[in-house]
Amino acid sequence: MQRSDLSGFAVDLGGTKIAAARIEKGAVAERLLAPTDTNADPAAQIAAIRSLLDRLGHRWQAPLGVAVAGRVDETGAWHAVNTGTLPAILGFPLERDLAQGLGAATCLNDAAAAALAEGLFGAGSASDSFAYLTVSTGVGGGLVIGNRLISSANGLAGHVGFVTSRLASGPCGSGRMATVESIAGGRGIAAAAAAAGHPDIDARAVFAAASEGADWAVRIVATSASAVAALIGDLAAILGLDTVAMGGSIGLAPGYIERTRAALGDEPDLFRPRLVRADLGHDAPLIGALAAHLRKENP
């Protein structure tokens with residue numbers, strides 16, 4: 001499949017916004033955004049998706065890929081993993097209902113969709129063993145080995161932020177303790193700031209303080225980057241990765257990837273894959289979702 005083969009529609013439903021796009025020959029021709037109502041029930045989420053698609057001119061049975069925060073199992077059911085993000089999503093048959101209402105749909109996790117796009121058409125296109133990491137409110141990812149997205153029946157494959165970190169100690173929204181997400185993601189960074197005596201500020205404010213040289217903020221950002229670097233080393237040991245691309249609002253924040261590379265330098269050579277910035281930006285989940293649909297329809 002070439003990127004120019006991609007024409008259709010795509011949706012990316014995240015914890016803060018819903019993006020919908022009309023894609024022509026692999027490029028986003030038109031994009032619409034709406035805020036995500038994180039407390040909405042599944043019917044309301046579908047209504048929001050359909051409203052955006054209608055405005056884009058979606059027609060019955062047009063190719064449609066949908067990327068969502070959370071996991072999507074092999075039946076197309078949508079589950080929140082971090083229930084603090086989408087508490088009403090508890091195994092809803094998203095793919096079935098969208099396909100019944102719109103004629104066609106393929107659903108998958110948003111980071112997995114971005115990983116597929118980056119692996120096929122972006123930063124990992126020359127790689128045979130590639131991982132995409134998104135460091136944002138949480139820490140997610142996707143794994144593309146031999147140009148195929150690694151998936152599992154329960155939809156958990158690629159949720160790499162939920163592995164244990166030696167730098168963490170607190171709870172994670174997944175229900176696990178001491179995970180990479182709990183120390184490296186935006187919520188974890190804000191929690192670390194509160195513990196350091198700076199309550200009621202978010203990760204963006206922590207990064208701003210770090211850029212101004214505040215020692216407490218520099219330590220928090222450095223710890224986040226070190227946790228992500230150790231995760232990359234672990235994934236390299238398990239999968240033999242040669243390339244990792246980083247995205248997300250924190251992953252692409254000024255200086256963050258350089259901090260992560262520096263921390264990765266503490267690993268032996270064998271556990272240091274090439275670390276690069278993701279190429280496709282906000283388009284990645286949209287392009288990857290549509291690519292997943294077209295691959296499913298035309299295996």
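Contact here means heavy atoms within 4.5 Å. The model is predicted.

**Exercise 1. List the contacts of leucine 133, then place this residue in a nonpolar core.**

Step 1. Set aside residues up to four places away in sequence. Leucine 133 then touches Gly140, Gly141, Val160, Val228, Leu231, Ile232, Leu235, Val244, Ala245, Met246 and Gly247.

Step 2. Turn to the largest nonpolar core, which has 39 residues. Leu133 is among those with the most contacts inside it, together with Val206, Val228 and Tyr256.

Step 3. Find the contributors. Elements giving two or more residues to this core include strand E9 (129–135), helix H6 (203–211), helix H7 (215–239), strand E12 (243–247) and H8. H7 supplies the largest share, 11 residues.

Step 4. Look for another core. A second, separate one has 30 residues, including Phe121, Tyr132, Val276 and Ala289.

**Exercise 2. Decide whether threonine 260 is buried or exposed, and name its contacts.**

Step 1. Locate threonine 260: helix H8 (residues 256–264).

Step 2. Apply the cut-off. Buried means under 20% relative accessible area. Threonine 260 has 0%, so this residue is buried.

Step 3. Leave aside neighbours within four places in sequence. Threonine 260 is in contact with Ala225, Val228, Ala229, Ile232, Met246 and Leu275.

**Exercise 3. Work out where the buried residues of H8 lie around its axis.**

Step 1. List them: Tyr256, Ile257, Thr260, Ala263 and Leu264.

Step 2. View H8 down its axis. These residues fall within an arc of 120°, so they line one face of the helix.

Step 3. Name the partners. The buried residues pack against E9, H6, H7, E12 and strand E13 (274–277).

**Exercise 4. Describe the packing of H7 and H8.**

Step 1. Take the geometry. The angle is about 60°, and the axes are 8 Å apart.

Step 2. Classify the angle. Roughly parallel needs under 35 degrees, and roughly perpendicular runs from 65 to 115. H7 and H8 are therefore oblique to each other.

Step 3. Add the hand: the crossing of H7 and H8 is right-handed.

Step 4. Identify the interface. On the H8 side are Tyr256, Arg259, Thr260, Ala263 and Leu264. They meet H7 residues including Val218, Ala225, Val228 and Ile232.

**Exercise 5. Compare the settings of lysine 25 and alanine 178.**

Step 1. Check phi. Lysine 25 is not a glycine, yet has a positive phi of about 50°. Alanine 178, also not a glycine, has a positive phi of about 55°.

Step 2. Place them. Lysine 25 is in the loop between strand E2 (17–24) and strand E3 (27–35). Alanine 178 is in the loop between strand E11 (148–149) and H4.

Step 3. Judge exposure. Lysine 25 counts as exposed at 66% relative accessibility, whereas alanine 178 counts as buried at 14%.

How values were computed. Residues are numbered from 1 along each chain as its sequence is written. This is a predicted model: local features need pLDDT of at least 70, side-chain atom pairs count only at pLDDT 80 or more; totals for chains, interfaces and linings use all residues. Side-chain values use heavy atoms; hydrogens and water are left out. Helices (H or I, at least four residues) and strands (E, at least two) are DSSP runs, numbered from the N terminus. Buried means under 20% relative accessible area, exposed over 50%, partly exposed in between (1.4 Å probe, protein chains only). A nonpolar core is a set of buried Ala, Val, Leu, Ile, Met, Phe, Trp, Tyr and Cys residues joined through side-chain atoms within 4.5 Å. The arc is that of the directions from the helix axis to the C-beta atoms. Axes are lines fitted to C-alpha atoms, for helices over the stretch in contact, and angles run from 0 to 180 degrees between N-to-C directions. Angles under 35 degrees count as roughly parallel, over 145 as roughly antiparallel, 65 to 115 as roughly perpendicular and the rest as oblique. A crossing is left-handed if the near helix is turned anticlockwise from the far one by less than a right angle, and right-handed if clockwise.
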